[in-house]
Amino acid sequence: MLVPKTDAEADLSYLDSLIEGGLLTQPISISEIREQLKLRFGVSISEDRIEMWLRERGMQRFVSSALEEECCRFDGTVWIDPRR
């Protein structure tokens, strides 16, 4: 009997690889980060885990949508490195 494979979340070390590749040198949304993870490594990490990881690394949240609504939490927000 075949059992369908479920997508498990990838290890957060993939996010470190994105930093080494220079991806976070510019403002970027969590949706864009997820897209890059899928394109470059074929992995998936939840928005909440990426948000936690960005905060732990000192990135700051900048709301680019007119209204800070929950529906725009990931797409209407970019993350920036205040040291750059």
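This is a short walk through a predicted model of one protein, from its confidence to a few of its contacts.

Let us begin with how far the prediction can be trusted. The protein averages a pLDDT of 78, and 74% of the residues score at least 70. The beginning of the chain is another matter: over residues 1-7 the pLDDT is below 50, and this stretch has zero contacts in the model beyond near neighbours in sequence.

Now look for aromatic rings that pair up. A search of the whole structure finds one such pair. Its members are Y14 and F41, with ring centres 5.1 Å apart and planes at 55°. Why is the pair called tilted? Planes under 30 degrees apart would count as stacked and planes over 60 as edge-to-face, so an angle of 55° makes this pair tilted. The two partners come from distant parts of the chain, 27 residues apart: Y14 belongs to helix α1 (residues 13-20), whereas F41 belongs to helix α2 (residues 30-41). Are these residues buried or exposed? Y14 has a relative accessibility of 29% and counts as partly exposed; F41, with a relative accessible area of 33%, is partly exposed too.

Next comes helix α3, which spans residues 47-56. Its buried residues are I50, E51, W53 and L54. They cover an arc of only 165° around the axis, so they sit on the same side of α3. Some background helps here: an α-helix has 3.6 residues a turn, so residues three or four places apart point the same way. And what do the buried residues of α3 pack against? Their partners are α1, α2, β1 (60-63) and β2.

Helix α3 also holds R49, which is partly exposed because its relative accessible area is 28%, between the limits of 20% and 50%. The C-alpha atom of R49 is separated by 8.3 Å from that of L12, although the two residues are 37 apart along the chain. After α3 comes G58, whose phi is positive, near 80°.

Our last stop is D81, in the segment after β2 (77-80). With a relative accessible area of 12%, D81 is buried, because buried means under 20%. The side chain of D81 is joined to that of R83 by a polar contact of 2.9 Å. Leaving aside neighbours within four places in sequence, D81 is in contact with L24 and M59.

Conventions
Residues numbered from 1 in each chain as written. Heavy atoms only, no water. pLDDT = per-residue confidence, 0-100. Contact = heavy atoms within 4.5 Å. Phe/Tyr/Trp six-rings, centres within 6.5 Å; stacked < 30°, edge-to-face > 60°. Helix = DSSP H or I, 4+ residues; strand = E, 2+ residues; numbered from the N terminus. Buried < 20%, exposed > 50% of the residue type's maximum accessible area, 1.4 Å probe, protein only. Polar contact = N/O pair within 3.5 Å; in protein donor to acceptor, adjacent residues only side chain to side chain. Arc of directions from axis to C-beta.
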